[in-house]
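Student: I would like to learn how to read a structure feature by feature, moving from a single residue out to the whole chain. Could we begin with one residue and its surroundings?

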Amino acid sequence: MTVINFCVREFGDLANIITIIPYYGTIMVKGLTTVAAKKRLKEHGPNELEQKEETTPLDVLMDQFKENVLIWILIVAAVASFAAGEMAEFYFVVTIIGIVAFMGFFQEWKAEEAMKELAKMATPSVKVYRDGEIADIPGKELVPGDLLKLEMGGKVPTDAKVIESNNLKVDESILTGESESVSKEKGDEIYSGTVISRGRCEAKVIGTGMKTKLGEIAGELQKESIETPLQRKSKDLAKKVGYLAIIASVMLFLIGIGVGVERTLIITVTIAVAVAVVPEALPLTMTLTLSLGMKSMAKNKAVVKKMLAVEGLGSTTVICTDKTGTLTKNEMTVKRIWAGGEEYEVQGSGYSMEGDILKDGKSADIDANCALDILVKGAALCSNASVNFKDDEVHGEPTEAALVTLVQKTKYDFKELRDKYTRSHEIQFNSDRKRMTTVHDSSDWEAPHAFMKGAPEVVLDRCTHVLENGEPISLNEDKKKNILKKNTDYARDALRVLAFAYSTNSSLSSQEDEVEKEMTFVGLTGIMDPPREEVPEAIRKCKDAGIRVKMVTGDNRDTAMAIAEMIGLTDNKRVVTGDEIDDMTEEELREIIKDVDIYARTHPGNKLQIVRALQSNGEIVAMTGDGVNDAPAVNHADIGIGMGIKGTDVTKEASDIILQDDNFSTIEKAIEEGRRIYDNIEKFVTFLLSRNFTEVILIASVLALFRDFALLPLLGMQILFLNMIGQVGPGLGLGVDPASDDLMKRPPRDPSSELLNRRNLFMISTMAVAMVCMASISYLYGLRNGSIELARTMTFTSISVMIMVNAYNFRSLDKSILRFNPLENKWIILSTLVTAPLVLLTLYLPVLRDMFGHVPLGTNGWLIAAGTGLATMFLLEVVKRVTGILKI
């Protein structure tokens, strides 16, 4: 029996280190045993964040019926049709219900599937000590007490305490929002989701799954279903129309029963009225419009998780955004160099070799400035990062990757320099030393050379000379002040400043006191996380659209202000910090938030406070974010916008919309798309309801005038055809209408405004009355010159013409048809080409003619039916003019 087997059998449930002292010595078993790990896995559960119950296809399908009053009224109409033996109407209504439900299901299920594709395992496998040996295990099997072995570039899979470390730095931007990596030493804690940017370590797991910092934040995101503005307005509209349909149908049914109308006839009439009141095309047109909007946004790299969130983004009045990775690239870039008393500008951004080093606007000659040449060499040698420029892969700390990228913009290659000047040892950077030094040797040198980089004031303290005109000159106080002034200038421009120094006669000793002395100062580099190139233009467009953009960042005040100025965020120079927010009352925050657009040194709680304060002021708030620190605010915002590339699973889950390219400019495009969709929804809602009320008023008028239920001007099948087959095409055409020229020049819509605002209600009512008058002419002509069948046929034909011709004019609710090209919308033209033949088939195809109760029309019948329909186009022009004059 081996010692390990004995340990597993006898001490499997012991924790981290088992000491056995057999006759041949002492053996230390590192890490947990397999038996102990399995026991703890049962006790603590897998290392996974708790997910909300998985959405099934049935869940998505049932969502299409929840609180959808219009669909339920159609269901009741279908049941009534079945009970009355009107099977054609029954099948027609059931088909409509199926189409509406299927379209909503299809689009939302596609969004669910897209989200599953976006969701990725945080750590597929992890190196851990098991039974005294290193093993690769799935990250979800980690348990408290496990001993992790982590290296540069690896993601931390759990919360853990550092046991051993070597030059360890951790990128915690996912939690803190700050791009600068944090040094970690023995005894420090590292957190799940962060990344080892430098060095390596062994760490003991202290928390898994929901018992990590990541889990704590995820636990706050048991997301309530916060309705978007369009959801609220759509439900309100549906309820109002639904209640109207119920009231009208019940009253009519009771009146019919009271006057002794035959039961089958009264059921038929009641169904007809209910069907007339309900805009059957509205749910389908709304669904198709939003789904096509989702498809359009997906092509522009924005995945919409819920259809109704499309419009919500278009109603946004304020965007709250993090800086790191959203407004900026989260890619450190050297922008300026000061060496040998000369200043240089560095072109390019991110980790790309494209760009040049310029002096006075011209390409700099590195051989002409010895200090610049040595600084570039020091940037390559006194750093540990590497960049694969072909695949755009960075290994190591972002700041050092920026220095490596700088080297590649010169005649040098960082790999060749490291091969030529071999490193003998390194004196590591830490938060106390604030500097790093490496010692190198080469056959070209008489003695080893040392290169140092770090905080300017720290580096200067170890320098006795400064390199000027290729010669080391004594570093006096005036020269120090000049260097420190340049450092201050760079810092005010949001640049992180690193100083470089070197020594040509270095000791090979690893003791810092012997190596880091009497060094020669070389120069400074100014490094920044640059704004995305497209952000300034996107922000300008947001301003033109009346949308305010607020930066909420964990970075310091100066950096936040400098970035804000670069991207043209605001003219207000005031910056409010997280500490200041914490000291404010809710009322004070609500007041200052009206004017302040820059918030620095914030923590996640501040972001939530800001979002809530804005919402309390009546704003519709969109919150962008990628890190875990953004998730609570993203969750609470009216529209949560997550980042698909750098975003965490927690934030994606909290979001309504995912930006696949993490690009702020995509938001501006999505806002324009959202506004276009809302405009179009107003158009087709006004169009459809004016038409539906035409049928209701017409039926009520005829019944009131003749007091004879047998003279109903339209039957249920005719109404269903007009409301679905006739209106869906034109309605959908209005739903996909191109954006108007002034769309992004308007201020945001009042969040409290309704779909049926004063103008739209006026237009619906006046056009309904106008169309009733025209349809009545057709009805009365048919009734006096033929039969009730001819009257219904002419009424049907007249309204069909109204639907087709007015779709062109409803492309704008305020502009005359003479001020835009009515033939620009191909969907409406297509709907006309489809609807017109279908109308003719119902009149002349015997099977359909009998089903609808139609009779063929003569020349006079066609002239009157078509003429009354066309007349409403000109009446709509009058209504538009009146609304403009009266400013309704």
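Tutor: In this predicted model, a good place to begin is His-440, which, not counting residues up to four places away in sequence, touches Leu-381, Tyr-421, Thr-422, Arg-423, Ser-424, Trp-445, Pro-448, His-449 and Phe-451. His-440 belongs to strand S19, which covers residues 435-441, and its side chain makes a polar contact of 2.8 Å with the side chain of Thr-438.

Student: Is His-440 buried or exposed, and how is that decided?

Tutor: The relative accessible area decides, and a residue counts as buried when that value is under 20%. His-440 has 2% relative accessibility and therefore counts as buried. Val-439, also placed in strand S19, has 0% relative accessibility and so is buried by that criterion. For Val-439 one can also look at the backbone, where its C-alpha atom is separated by 4.3 Å from that of Ala-450, eleven residues apart along the chain.

Student: How should I read a helix, and in H30 which residues are buried?

Tutor: The general idea is that an α-helix has 3.6 residues a turn, so residues three or four places apart point the same way. In H30 the buried residues are Ile-828, Ser-831, Thr-832, Thr-835, Val-839, Thr-842 and Leu-843. Viewed down the axis of H30, these buried residues fall within an arc of 105 degrees, and so they line one face of the helix. Lys-826 and Leu-833, on the other side of H30, are exposed.

Student: What covers the buried residues of H30, and where does Asn-825 come in?

Tutor: The cover includes helix H27 (716-735), helix H29 (788-809), helix H31 (846-852) and helix H32 (859-886). Asn-825 caps the N-terminal end of H30, with a side-chain oxygen 2.9 Å from the backbone nitrogen of Trp-827. As for length, the 19 residues of H30 (residues 826-844) should span 27 Å at 1.5 Å a residue, and the end C-alpha atoms, 28 Å apart, agree with that expectation.

Student: Can we follow one contact from helix H29, and which residues does Thr-797 touch?

Tutor: Thr-797 is placed in helix H29 and, at 1% relative accessibility, counts as buried. Leaving aside neighbours within four places in sequence, Thr-797 is in contact with Leu-843, Leu-857, Trp-862 and Ala-865. Of these, Leu-843 is among the buried residues of H30, while Ala-865 is among those of H32.

Student: How many residues does H32 have, and what do its buried residues pack against?

Tutor: H32 has 28 residues and reaches 41 Å from its first C-alpha to its last, close to the 40 Å expected at 1.5 Å a residue. Its buried residues, including Gly-861, Met-873, Leu-876 and Lys-880, pack against helix H28 (758-785) and H29.

Student: What should I look for in the backbone angles outside the helices and strands?

Tutor: Most residues other than glycine have a negative phi, so exceptions deserve a look. Asn-469 has a positive phi of about 55 degrees although it is not a glycine, and it is found in the loop between strand S21 (463-468) and strand S22 (471-474). Asn-469 is exposed, with a relative accessible area of 77%. Arg-601, likewise not a glycine, has a positive phi of about 50 degrees and sits in the loop between strand S27 (598-600) and helix H23 (604-616), where it is partly exposed, at a relative accessible area of 41%. Just after H32, Lys-887 takes a positive phi of about 55 degrees.

Student: Finally, how do I read the interior, and which residues touch the most other members of the largest nonpolar core?

Tutor: In soluble globular proteins, nonpolar side chains tend to be buried together. The largest nonpolar core here has 77 residues, among which Ile-681, Phe-684 and Ile-799 touch the most other members, and helix H26 (residues 664-706) gives the most to this core, with 13 residues. A second, separate core of 56 residues includes Tyr-490, Val-515, Val-535 and Ile-671. For the chain as a whole, 56% of the 888 residues count as buried, and there are 32 helices and 30 strands.

Definitions and conventions:
Residues numbered from 1 in each chain as written. Predicted model: local features only at pLDDT ≥ 70, side-chain atom pairs only at ≥ 80, totals over all residues. Heavy atoms only, no water. Helix = DSSP H or I, 4+ residues; strand = E, 2+ residues; numbered from the N terminus. Buried < 20%, exposed > 50% of the residue type's maximum accessible area, 1.4 Å probe, protein only. Core = buried A, V, L, I, M, F, W, Y, C linked by side-chain atoms within 4.5 Å. Expected span 1.5 Å × (residues − 1). Arc of directions from axis to C-beta. Contact = heavy atoms within 4.5 Å. Polar contact = N/O pair within 3.5 Å; in protein donor to acceptor, adjacent residues only side chain to side chain.
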